[in-house]
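Thanks for coming, everyone. Let me put the structure up on the screen, and then I'll talk you through some of its charged pairs and contacts.

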Number of protein chains: 4
Amino acid sequence: MDLQAIADDIVRDLAPRLGEGKVADYIPELAKVEPEQLGIAISTVDGTTYQAGDAQTIFSVQSISKAFMLTLALGKVGETIWRRVGREPSGTAFNSIVQLEHEHGIPRNPFINAGAIVVTDIVLSGHRPREAIGEFLRFMHYVADDDSLYIDEKVARSEQRTGYRNYALANFMRGFDNLKHPVDHVLGVYFHQCALAMNCVQLSHAGLFLANRGTNPLTGFSVVSPRRARRINAIMLTCGHYDGSGDFAFRVGLPGKSGVGGGILAVAPGKASIAVWSPALDETGNSLLGGVALEMLAARTGWSVFGT
Amino acid sequence: MDLQAIADDIVRDLAPRLGEGKVADYIPELAKVEPEQLGIAISTVDGTTYQAGDAQTIFSVQSISKAFMLTLALGKVGETIWRRVGREPSGTAFNSIVQLEHEHGIPRNPFINAGAIVVTDIVLSGHRPREAIGEFLRFMHYVADDDSLYIDEKVARSEQRTGYRNYALANFMRGFDNLKHPVDHVLGVYFHQCALAMNCVQLSHAGLFLANRGTNPLTGFSVVSPRRARRINAIMLTCGHYDGSGDFAFRVGLPGKSGVGGGILAVAPGKASIAVWSPALDETGNSLLGGVALEMLAARTGWSVFGT
Amino acid sequence: MDLQAIADDIVRDLAPRLGEGKVADYIPELAKVEPEQLGIAISTVDGTTYQAGDAQTIFSVQSISKAFMLTLALGKVGETIWRRVGREPSGTAFNSIVQLEHEHGIPRNPFINAGAIVVTDIVLSGHRPREAIGEFLRFMHYVADDDSLYIDEKVARSEQRTGYRNYALANFMRGFDNLKHPVDHVLGVYFHQCALAMNCVQLSHAGLFLANRGTNPLTGFSVVSPRRARRINAIMLTCGHYDGSGDFAFRVGLPGKSGVGGGILAVAPGKASIAVWSPALDETGNSLLGGVALEMLAARTGWSVFGT
Amino acid sequence: MDLQAIADDIVRDLAPRLGEGKVADYIPELAKVEPEQLGIAISTVDGTTYQAGDAQTIFSVQSISKAFMLTLALGKVGETIWRRVGREPSGTAFNSIVQLEHEHGIPRNPFINAGAIVVTDIVLSGHRPREAIGEFLRFMHYVADDDSLYIDEKVARSEQRTGYRNYALANFMRGFDNLKHPVDHVLGVYFHQCALAMNCVQLSHAGLFLANRGTNPLTGFSVVSPRRARRINAIMLTCGHYDGSGDFAFRVGLPGKSGVGGGILAVAPGKASIAVWSPALDETGNSLLGGVALEMLAARTGWSVFGT
């Protein structure tokens, strides 16, 4: 299987569709991104990386970081995390507050905004906000084996100024005592981890441990146990694309986590970690061409967790 | 790997917990079932079947039949089915009507009651109710390679008399023109296909095509294409356990479909089809010990779609 | 105060607006009604009736009958009725089922469809459906002092054939055991009482007891106690216009009950009973020009329960 | 009619029930109030005030101030206010956020928290927070004809520290651009106007203009036009008791506005303004004995907007 050719073909086949969808506009800094871009990077568990298109262009990972924050939080408090956040698909938009009221401040899963804010609160334990941000960044350096990763302060501040919905979610959960730190501290860290800047190559490296039984094959570092890697993959599959998760599972057949910056990290267990990026989104808030690219990749490689 | 020993061990290990949970009582006939039973059958793609406990006791498959009805409907109308039913997890109970109102009569997925009623309406096209029931039963004979399967009329009639919620769902969708046949016809077929009687061995045979690229290895019959088998598995994983689907994916890591009769069909793609049965349910309406048995099986075999 | 002149002026002032709004089309028989009609009748507690426009044209009262059915049910079971139906505004559309699921089959008030179906179930107690319909019709003859009132069988059957949403509501509540009779019986009566045919003059007579301490001044018949009349008025004010009840109270300031046939009955306690009719509806399902006519009448007469 | 005797009798009759219900505990300062208190003051439009029980004990008016803030805001922007807040009963709890999501940041009415926060945002226009608080307090001095009214800073600060739900509501609406000022400013004013301290006598004076065609008969000051007074009364009747508004209209039959401090202001148009206070609340968050006292008063005086 010539993965380089597959990646090249996908980028070429999708070129005519560049521009479909709509760039997220609720975070002013993200609204400025040129939509007609598409990158793809495939890192296999044997340590090779294939790339095509805009695979080296830096973008804002946004909610993709939720998968790494969950990993970090599980490392800190283990399975007790599930007392404060569920692991069921939400059936609602990424920033819905309706479910929180019906379920008394317990978010449905760690991959909607409310859930990730609780996860951030956990990562913040025993730290000042600045330290927690530092810890997260170091963890990303470690899993990606790349110390050049950085947080884009401009994006973080842009979201901090306009992220009213997240302030609403956080205050709402604080009212149910499901946040232990001041809302401003938690959201300070939250907006910063969302503002992590990466390119597809770096992101595909960072996700490799999830495809390789918890261990990064590039470095040999064990990030989590095989069991925990499987479980994070399971949550990515059922909850990783907000209210488009079922559709992604149906069309692509791989665990994945998307971000409103237009990136998607997908995991083919035992085979590869794949990062795609194209800024324009579909109506569920997931990268439109990124999803199509992964659908093509899955079809052409035969990679699917649901059978060959 | 000694699958027989694993099956025996699970049944033995769970014996002390028999009686936990609560048998479904809203269908009078089901309420009569003795709760302290547990069966397990594992059919591997090479054609061997392992069984333990009450694997030969007949039970009412109930919602497990939704997976087979979906297969039948896809064979009839192909992907056009998705115009009338979604494929997203619902985030609500199996019989909720709230989502239907918010989403104008389009059920979230084919594995909640409303969705399965639409699927039934599709299977009913061009048939009288009795013929549609016959077609379904012949299809089950075919996929299970077992002509002894039958529909328990007593259960069907018991549900027909008391299934007010399903009448509400069906009428509600008919009001949105998402049912094409009279409500009584559709529900007549629906209650009958739910009342299919099987034991674990038969059910594990019937599910084998989903584990084996769409083809039943016992008979060599091709039921669906490999791609369709993957897609049905995807929907089972994201939607197969109602509002406990995320939890099942997390704990077991396999596509599965449960029924309120206490059965669960699980699929380990490329490896095996597994049927478990224990009548008492957890609070999300899924077999309590059935779920635990599958969690044990997944842990002991290493079977998981999310990695090894 | 020259009520005849006021009524004439309103009809004349609104003539240019005839045709605004939209005739209800979900009941086929009602969809045939010519929209450009407007009638008004004012019956004062001293026994005089003023009329203008199409005040003698017969129309389908539809939900206005809910006020009379409530009166009848209160007469049968008294305040125990509130165990099975609430008396709070719903905050949702007249035919919403969402609230019923959240509140376990207890409708919010007797003036939304679900609530009126429960009220019908109560009126049906101890009767066959045909008898209950007869009892209702006799009650209407009595309160309106007019034996010519009749039920339009064509409208009743039209709704019976297409009233899927009401079948959904009824089955849903039956599932919660909040209907005691078979759904078909209850809805048979329900659709018939909705299909009562009246003109504005007759309707204004029928409502007089609510304006006159429970007694019809035309006949001297006591229908209910003064206290009960006040209470029925209270429910009309808070719940009589579905999710437009607050707006009606704000603009008109009188208790009122509307129907999708385009009629509205309003009560000025101690002064008059007013019936208006114009078939085209606003977006909350209430007569558009009927509401405007009552707003004009209230402004020009100074009638308001909220002060002079 | 001897109103003094009626007031005395009510206080005496309810003495055995003092202690029923539950003092609001989500605002720490309010939780400290001794529950076994009951006061009543009746101010008639001819300028006489009757009082009984703890009618001179100062309490926190809390949401009752929403009626006065609405009056103030209507004076500023007139009927344009209805572009930013509805006037329909909510069908949900006073602090629910569900409706706001479904209706895109437009609160249902000015008497639930979200609506009152929007009203506060309007009153704040062109002011600094401190000035807006000052304006509100001066307005209260004016309508109550009592310069001794003050805002309890301790209560304001207590709520400011713990009012997470209100921060959630405000941020949520700010995200929909339905707040024009910074959340902290708006809530600063909001918490202060809630913290207004009054006794029953003062409150009954302050409400007199609503009973007397918009003019305070004690001072002759015209506060609003007769039409606006009627409209404020209408909103009080349909929305003044949160999700218990229908019940209050049914039982008492007068427009009223309650607060979690245990106070209720009720208006008998053309007759009197009535203030009751008893700190322990029922399950809808309204004063339990306060409601009962008003029910007794309405029954014994015959005051009801729904007839005599």
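Let's begin at Arg251(B), which is partly exposed, with a relative accessible area of 23%. On that scale, buried means under 20% relative accessible area, exposed means over 50%, and partly exposed is in between, with a 1.4 Å probe and protein chains only. Please keep in mind that this is a predicted model, where local features need pLDDT of at least 70, side-chain atom pairs count only at pLDDT 80 or more, and totals for chains, interfaces and linings use all residues. As for bookkeeping, residues are numbered from 1 along each chain as its sequence is written, chains are lettered from A and ligands numbered from 1 in the order in which they are written, and side-chain values use heavy atoms, with hydrogens and water left out.

So what does Arg251(B) form a salt bridge with? Its partner is Asp247(B), at 2.9 Å from N to O. By salt bridge I mean a side-chain nitrogen of Lys or Arg within 4 Å of a carboxyl oxygen of Asp or Glu. Both residues sit in helix 13 of chain B, residues 245–251, and they are 4 residues apart, about one turn of the helix. Helices here are DSSP runs of H or I, at least four residues long, numbered from the N terminus.

Asp247(B) also reaches across to another chain: it forms a salt bridge with Arg87(A), with the closest N and O atoms 2.6 Å apart. Across the interface of chain A and chain B, the rule finds 4 salt bridges. On the side of chain A that touches chain B, the elements giving two or more residues are helix 12 (226–239) and helix 13 (245–251) of chain A. Helix 12 of chain A provides the largest share, 8 residues. Sorted by class, that side has 12 nonpolar, 10 polar and 11 charged residues. For those classes, Ala, Val, Leu, Ile, Met, Phe, Trp, Tyr, Cys and Pro count as nonpolar, Asp, Glu, Lys and Arg as charged, and the others, Gly among them, as polar.

How many residues does each chain bring to the contact? Chain A gives 33 and chain B gives 33, where contact means heavy atoms within 4.5 Å. About 2800 Å² is buried between these two chains, and carbon and sulfur atoms give 58% of that. Buried area is the accessible area (1.4 Å probe) that two parts lose on being put together, summed over both.

Over in chain C, Arg251(C) pairs with Glu295(C), the closest N and O atoms being 2.5 Å apart. This salt bridge links distant parts of the chain, helix 13 (residues 245–251) and helix 14 (residues 288–301) of chain C, with the two residues 44 apart. Arg251(C) is partly exposed at 22%, and Glu295(C) is partly exposed at 24%.

Back in chain A, Glu135(A) forms a salt bridge with Lys76(A), at 3.5 Å between the closest N and O atoms. Glu135(A) is in helix 6 (residues 129–144) and Lys76(A) in helix 3 (residues 65–77), 59 residues apart. Is Glu135(A) buried or exposed? It is buried, with a relative accessible area of 18%, whereas Lys76(A) counts as partly exposed at 32%. Chain A also has a network of salt bridges linking Asp9(A), Arg12(A), Asp13(A) and Arg300(A).

To finish with the whole structure, the search finds 72 salt bridges over all chains.
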